[in-house]
Amino acid sequence: MTKLRPTATVTAGSTATAASGGATAGASGKAAGIRHRRARSRTGALFVTPYVLFLALVFAVPMVYTLWISVHRFYFTAPGTHVDSPWVGLSNYRDVFTDPVVGRAFLNIAVFLVINVPLTVILSLVLASALNAKIRFRAFFRAAYYLPYITASVALVAVWQFLFGSDGFVNHILGSHAPDPSWLVNSHLAMPMIAFFVTWKQLGFFVMLYLAALQNVGKELYEASSVDGAGRVRQFFAVTVPGVRPATTLVLIYAIITGANLFSEPYLLTGGGGPDHASTSPVLLMYQKGIEQGHPDFAAALGVVLVAFVLVISLVARKLSERGN
Amino acid sequence: MSASHPATARVTPGTDRPSSDLPDHTGQTGRRRPWGTAAKYTVLSIGAVAFLFPFYYMVVGSLRKTTTGELSSAVPSGLTGSSYTAVDGAISLGRSLLNSGIMTIGVLLCTLVFGVLAGYALAQLHFRGRGTVFASLLLVQMVPFQLLTLPLYVLVVRDYGLGDNYLGMILPFAINSTAVFLFRQFFLQLPQSLFEAARLDGAGELRILWKIALPMARPAVLSAMLLTFIGPWNEFLWPFLVTKNADMQPLAVSLASFLSNLQGTVANPTGALLAGACVLAAPAVALFLLFQRHFTSTDIDSGVKG
């Protein structure tokens, strides 16, 4: 069958479709094919309409709305009432950039990434490599690693708070070596604790990711390098690490997005951002400024800055990990 | 994952040999294997303990009469369900579970109905703008959702008045884009000839989807559903913003409020907290263990390729 291009626009849900002029098919089978294709084009647009509406409503509109709010003085209003939102240009952005807590929040994300990324890459690669061999209880190990990933943050935070609390299990083991102030209320340890928690919670996902990536690394490469006299460690760095590089890029991007999304962990684990904003995250700050303190315009500008930050960092990370061969 | 990477390029098939026949770099065959295996098991076991211990503590701590940070608390003794009754009294577990259930089932239904339709259309049907829709799907997965929570909050709660409403809780998650992506991948894998044959027989697309595509993709649909389930079930920030009324809060939200300010109201607060955590964790864990077989690493891999 020849490929046909519909020339008329198929707006989502509408029935306007036309086959291209070249379709002067003599054979009846071909004509039926065209009819089918036309119908399929209509049906396709129809099938995808709810999803397109959803994307518009939940992603496109809010994104444009954030931009709009960020350049206006914006107040929360009750449904049905109207309050003017005067244009204020970039003044919300100026407020964001001059707020020291904002700087602290972004610094916290940097601390998060510095701990989370290398730890995630190393631990998940080691576990995945061990799991990649023919090994007993493989299903058990896989399930064990995956368990925290599928469990609610709130449930796990509850356990961690208990394990690492001032009077918690870990401090009882450490005895007099326990840090003072304790883990979650210590301004130097609060953010690293969050980074460790998230690393632990997400690791199973990345173990699976690397496991899938490892299966794509050719066995022959290991054999060839073995013949060339490479030891296990050498093999690991010369074959495994470059072989799973695309997965490592994904780890980087996911870590950045997770960092940008941090909310429940600082909110719950370190009681709303920890001592002196030591674990405040940008999203937590958006919540506090926007909803608790009623400055949604500030929060919107902060959100836009955060998106720009995520995009730039992701691009840089991608370039770095793809180039460093 | 990019196939162009040098490491994934295949060497000529002729070099294929079972690796055990090969000498290692010391020139001796198989000498290091027992040591390597032991190392693997050690690493894997240490990992498993680190991953499972908090879960073990969660369960044991929730069943004790008094739960403290003492080392003895890790040992089950004098087991009782009193912590479960206590947390139920403080945050009414049944009602919270019902709210979590309604929110999750709402998302599952929407994703199943509209997501399968969209996935099928993206895989098997040609229509104007298909490329654009697919590109948006990939883009959406890269946008940190929390960044949209503020404008969504303004729209959903302030403008549409959907605070403390199931619809408002479900809306932002209604169609899971990752699931749509997975559905598309699975429908792409099915043999084209089957669909062509059904079309020649005069079957409509909906009928083809329902009678042919869906039954063949059942394991895949199952794993996509599992993936969809854990999102709304575990979600905290959005329902936390949308629900102020305790009767409308899903379990993650009511447990969090218990964690931050209600602990003083019960006799064994840590036990009660861990009991609540167990109840919140159980459904997702149970589903995962039940459907583990279907939940392979390849699914996850294709799920994040976007």
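In the predicted model, helix H3 of chain A (residues 100-132) packs against helix H4 of the same chain A (residues 138-150) at an angle of about 160°, with 10 Å between their axes. H3(A) and H4(A) are therefore roughly antiparallel, an angle over 145° being the criterion for that label. The crossing of H3(A) past H4(A) is left-handed. On the H3(A) side the contact involves Leu127(A), Leu131(A) and Asn132(A), which meet Arg138(A), Phe141(A), Arg142(A) and Tyr145(A) of H4(A). Sorted by class, this contact comprises 4 nonpolar residues, 1 polar residue and 2 charged residues.

Chain B offers another helix pair to look at. Here H2(B), spanning residues 82-91, and H3(B), spanning residues 93-124, pack at about 70°, and their axes lie 7 Å apart. That angle makes H2(B) roughly perpendicular to H3(B). Tyr84(B), Val87(B), Asp88(B) and Ile91(B) supply the H2(B) part of the contact, while Leu93(B), Gly94(B) and Ser96(B) supply the part from H3(B). This contact of H2(B) with H3(B) contains 4 nonpolar, 2 polar and 1 charged residues.

A closer look at H2(B) shows how its residues are arranged around the axis. Ser83(B), Val87(B) and Ile91(B) are buried. These residues cover an arc of only 45° around the axis, so they sit on the same side of H2(B). In general, an α-helix has 3.6 residues a turn, so residues three or four places apart point the same way. Thr85(B) and Gly89(B), on the other side of H2(B), are exposed. Just after H2(B), Ser92(B) adopts a positive phi of about 40°.

Definitions and conventions. Residues numbered from 1 in each chain as written. Chains lettered and ligands numbered in written order. Predicted model: local features only at pLDDT ≥ 70, side-chain atom pairs only at ≥ 80, totals over all residues. Heavy atoms only, no water. Axes fitted to C-alpha atoms, helices over the stretch in contact; angles between N-to-C directions. Helix = DSSP H or I, 4+ residues; strand = E, 2+ residues; numbered from the N terminus. Parallel < 35°, antiparallel > 145°, perpendicular 65-115°, else oblique. Contact = heavy atoms within 4.5 Å. Nonpolar A, V, L, I, M, F, W, Y, C, P; charged D, E, K, R; others polar. Left-handed = near helix turned anticlockwise from the far one by under 90°. Buried < 20%, exposed > 50% of the residue type's maximum accessible area, 1.4 Å probe, protein only. Arc of directions from axis to C-beta.
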